[in-house]
Amino acid sequence: SEVTETEAIVGLTPIHLTRYGYALANGTIGVYNNASRVWRVKSKNKVTCIESFDLDSDGMPELISGWSNGRFEVRNDND
């Protein structure tokens, strides 16, 4: 299957099984499960890095993002 986004992809990271995180050049980050978008968030700032890591040791990796304004965010793959 195919996923279509209108902006350039600047980051991809596997999260768990069929879920992956993505970052776009326009400041959007989100999660897909196969070809279905689970969630997305848009910011005025640019994403500088994106990675997944099980930060809270619950067995499920979180989506970790760094931003051009110095902000650092940790989100689970459901929100």
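**Salt bridges, aromatic contacts and strand geometry**

A search of the whole structure finds three salt bridges, where a salt bridge is a side-chain nitrogen of Lys or Arg within 4 Å of a carboxyl oxygen of Asp or Glu. The structure is a predicted model, in which local features need pLDDT of at least 70 and side-chain atom pairs count only at pLDDT 80 or more, while totals for chains, interfaces and linings use all residues. Residues are numbered from 1 along each chain as its sequence is written, and side-chain values use heavy atoms, with hydrogens and water left out.

One of the salt bridges joins Arg-37 and Glu-5, with the closest N and O atoms 3.2 Å apart. Arg-37 belongs to strand E4 (residues 36–42) and Glu-5 to the segment before E1, so this contact ties together parts that are 32 residues apart in sequence; strands (E, at least two residues) are DSSP runs, numbered from the N terminus. Arg-37 counts as partly exposed because its relative accessibility is 37%, given that buried means under 20% relative accessible area, exposed over 50%, and partly exposed in between (1.4 Å probe, protein chains only).

Glu-73 takes part in a salt bridge with Arg-71, the closest N and O atoms being 3.2 Å apart, and in another with Arg-75, where the corresponding separation is 3.4 Å. Through shared partners, Arg-71, Glu-73 and Arg-75 are joined into one network. Within this network, Glu-73 counts as buried at 15% relative accessibility, whereas Arg-71, at 32%, is partly exposed. The charged end of Arg-71 also sits over the ring of Trp-67, 4.9 Å from its centre; the criterion here is CZ of Arg (or NZ of Lys) within 6 Å of the ring centre and within 35 degrees of the ring normal.

Turning to the aromatic residues, rings of Phe, Tyr and Trp (its six-membered ring) pair if their centres lie within 6.5 Å, with planes under 30 degrees apart counted as stacked, over 60 as edge-to-face and the rest as tilted. By this rule there are two aromatic pairs. Tyr-20 and Tyr-32 are stacked, at 5.7 Å centre to centre and 10° between the planes. This pair links distant parts of the chain, with Tyr-20 in strand E2 and Tyr-32 in strand E3 (residues 28–33), 12 residues apart. Tyr-22 and Tyr-32 form a tilted pair, with 5.2 Å between centres and 50° between planes. Tyr-20, Tyr-22 and Tyr-32 thus appear as one aromatic cluster. Tyr-22 is buried, with a relative accessible area of 2%, as is Tyr-32 at 4%, while Tyr-20 is partly exposed at 24%.

Backbone geometry offers a few further points. E6 and strand E7 (residues 72–75) pair in the antiparallel sense over four bridges, a pairing that requires DSSP to find at least two bridges between the strands. Ile-64 stands opposite Val-74 in E7. The two strands, E6 and E7, form a hairpin with four residues between them, and Gly-70 in the turn has a positive phi of about 95°. Most residues other than glycine have a negative phi. Positive values are nevertheless found for Leu-17, with phi near 50°, and for Ser-57, with phi near 55°. Leu-17 is in the loop between strand E1 (9–16) and strand E2 (19–24) and is exposed, with a relative accessible area of 80%. Ser-57 lies in the loop between strand E5 (47–53) and strand E6 (62–67) and is exposed at 66%.
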